[in-house]
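Colleague: I've just opened this one and could use a guided tour. Can we go through it piece by piece?

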Amino acid sequence: MLNPYLLRNQIHSIAEKLLKKNFELNISLISSMEEKRKKLQIKTENLQYKHNSLSVLFKKQKNFQEVDENLKRKLIESSKNLSSLKIKLNLLKEKIHNFSISIPNIPSDDVPKGCSSENNKVIKYWGKKKEYNFAIQDHVEIGKKLNELDWKSSAKISGSRFVLMKGNIALLHRALSQFMLDLHTVKHGYIETYVPYLVNHDALYGTGQLPKFSDDLFHINSIDKKKYILIPTAEVPLTNLFRNEILDEEKLPVMLTAHTPCFRSEASSYGRDSKGLIRLHQFDKVELVQIVQPEFSMNSLELLTNHAEKVLQLLDLPYRKVLLCGGEMGFSATKTYDLEVWFPSQKKYREISSCSNMSDFQARRMKTRYRKKSEKQNNFVHTLNGSGLAIGRTLAAILENYQDKDGRVKIPKILQKKYMKGIEYIN
């Protein structure tokens with residue numbers, strides 16, 4: 001949620017910046033509503049002042065048992081008018097609020113203009129692409145031949161966009177999550193956290209998925225009529241741990257990580273990547289979340305992105321780091337880096353992690369602030385999150401990049417002894 005001060009006082013500047021996200025702000029509508037609010041607010045405050053004065057006078061007369069009936073009528077009429085004005089003002093404020101929460105976050109000044117991936121800016125490449133002297137197979141074919149990625153059984157149980165893993169591929173999937181958690185907790189300083197997979201509407205409103213992206217979520221109505229939603233990412237419960245909280249500055253930054261399944265209906269991605277592990281209704285991810293002071297958030301984004309990159313580097317998977325253009329960024333983000341891993345079967349890089357600085361956008365929705373010792377007023381924190389990494393996509397990238405001509409898949413060296421029971425190849 002944007003700072004209301006900016007919408008009231010810098011509306012044209014904000015509208016221009018939002019064009020980077022291909023969002024056209026209705027300036028006339030918001031300006032009209034704000035003008036009405038100001039007039040109604042002044043009218044309400046003036047009437048409140050008069051009503052208070054009448055109340056004081058009435059109480060004095062009552063104490064001396066000299067009640068003026070005319071004054072009594074004025075007070076009753078004033079009370080009715082004041083109540084009516086307050087209702088109108090609150091309805092208008094609610095209308096402005098509902099309009100405001102549909103406005104995306106303002107992109108950072110260094111975010112490139114553009115509306116498609118072609119306008120993203122490649123920051124760097126890492127790793128050497130392997131050369132193959134045999135016909136490359138994609139991860140779906142590899143999984144089928146190894147008989148350890150079972151799409152037929154998962155379709156029978158649940159339908160399309162689900163997968164059943166077994167054997168050493170299932171072990172590799174588990175190994176990846178343990179490896180990532182160990183790296184982020186031991187080396188990078190995050191606190192491992194176990195979170196609920198079902199959350200309420202307030203949590204998803206806080207991080208910006210609701211109300212705009214309701215169709216991309218799985219909604220559940222339980223027996224006791226409470227409405228829950230399956231988490232699309234651990235960002236939601238981790239960030240919302242601090243909803244309606246005022247944190248002490250010395251406790252910042254907060255750095256949390258969690259391994260969870262993620263559930264997405266993919267309603268807005270119909271027909272895209274319907275084959276394989278790239279876009280499933282249920283997938284696992286290790287999430288990174290940071291809560292920081294505003295002045296540190298851009299540096300924290302670089303740090304968090306480096307933490308996600310380290311996973312790819314240790315697994316020796318070629319990737320590139322990309323700064324997203326405005327049109328490719330998420331609703332709540334002010335700046336986003338995507339990490340894209342190399343898929344030899346497709347001969348292109350595919351997203352495996354998205355690391356974003358949300359500035360104070362989520363904090364305003366969640367009312368999450370921090371207390372500075374040097375200042376009396378509380379300030380909004382900045383929130384950041386990123387995948388560290390998406391486990392299914394990492395698994396797919398390993399199957400493709402580590403395949404050999406005999407149909408085997410070599411296990412990345414860092415996983416073999418500690419996480420894969422000494423296994424060097426999946427046969």
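Modeller: Sure, and one term up front: two strands count as paired if DSSP finds at least two bridges between them. Keep in mind that this is a predicted model.

Colleague: Then how many bridges join β9 to β10?

Modeller: β9 covers residues 254-263, and β10 covers residues 282-292. The two run antiparallel, and C262 has F283 as its bridge partner in β10. The number of bridges joining β9 to β10 is ten.

Colleague: Which residue in β9 stands opposite I191?

Modeller: I191 belongs to β4, which spans residues 191-192. β4 pairs with β9 over two bridges, in the parallel sense. Opposite I191 stands L256.

Colleague: How many of the ten residues of β9 are buried?

Modeller: Buried here means under 20% relative accessible area. By that cut-off β9 is mostly covered. The buried count for β9 is nine of its ten residues.

Colleague: On to β10 and β16: which residue in β16 is the bridge partner of V292?

Modeller: β16 takes in residues 382-390, and nine of its nine residues are buried. Seven bridges join β10 to β16, and the two run antiparallel. For V292, the partner in β16 is H382.

Colleague: And which residue in β16 is the bridge partner of C355?

Modeller: That takes us to β13, residues 348-357. β13 pairs with β16 in the antiparallel sense, over three bridges. The partner of C355 in β16 is G386.

Colleague: There's also an open sheet of three strands; which strands stand at its edges?

Modeller: The order in that sheet is β5-β7-β6, with antiparallel pairing. A strand with a single partner has one side left without a neighbour in the sheet, so the edge strands are β5 (198-199) and β6 (219-221).

Colleague: What is the bridge partner of H219 in β7?

Modeller: β7 runs over residues 227-230, and three bridges join it to β6. Those two strands are antiparallel. In β7, H219 is partnered by I229.

Colleague: Now the UniProt "binding site" positions: is R264 buried or exposed, or something in between?

Modeller: The unreviewed UniProt entry places a "binding site" feature at several positions, R264 among them, and R264 also appears in a second such set, which includes T233 and A234. R264 sits in the loop between β9 and β10. Its contacts beyond four places in sequence include D216, T233 and F283. With a relative accessibility of 28%, R264 counts as partly exposed.

Colleague: I352 is in one of those sets too. What is its relative accessible area?

Modeller: I352 is placed in strand β13. Leaving out residues up to four places away in sequence, it touches several residues, including L312, V341, S387 and L389. I352 is buried, at a relative accessible area of 2%.

Colleague: What about A234: buried or exposed?

Modeller: A234 is found in the loop between β7 and α9. Beyond its neighbours within four places in sequence, A234 is in contact with A258, T260 and E287. At 1% relative accessibility, A234 is buried.

Colleague: Which side chain makes a polar contact of 2.8 Å with that of E235?

Modeller: E235 lies in helix α9 and is buried, with a relative accessible area of 7%. Among the residues it touches are T207, E287, Q362 and N385. The side chain in that 2.8 Å polar contact belongs to Q362.

Colleague: Salt bridges next. How many residues apart in sequence are the parts that D110 and K335 tie together?

Modeller: The structure holds 15 salt bridges, and in the one between D110 and K335 the closest N and O atoms are 2.6 Å apart. D110 is partly exposed at 41%, whereas K335 is buried at 7%. D110 lies in the loop between α4 and β1 and K335 in strand β12, so the pair ties together parts whose separation in sequence is 225 residues.

Colleague: Last one: what distance separates the centres of domain 1 and domain 2?

Modeller: The domain assignment gives domain 1 as 26-102 and domain 2 as 117-426. Taken over C-alpha atoms, the distance between their centres is 50 Å.

Definitions and conventions:
Residues are numbered from 1 along each chain as its sequence is written. This is a predicted model: local features need pLDDT of at least 70, side-chain atom pairs count only at pLDDT 80 or more; totals for chains, interfaces and linings use all residues. Side-chain values use heavy atoms; hydrogens and water are left out. Buried means under 20% relative accessible area, exposed over 50%, partly exposed in between (1.4 Å probe, protein chains only). Helices (H or I, at least four residues) and strands (E, at least two) are DSSP runs, numbered from the N terminus. UniProt positions are given in the numbering used here, feature names are shortened, and annotations may be inferred rather than shown by experiment. Contact means heavy atoms within 4.5 Å. Domain bounds come from an automatic or database domain assignment. A polar contact is a pair of N or O atoms within 3.5 Å; within protein, one must be able to donate a hydrogen and the other to accept it, and residues adjacent in sequence count only if both atoms are side-chain atoms. A salt bridge is a side-chain nitrogen of Lys or Arg within 4 Å of a carboxyl oxygen of Asp or Glu.
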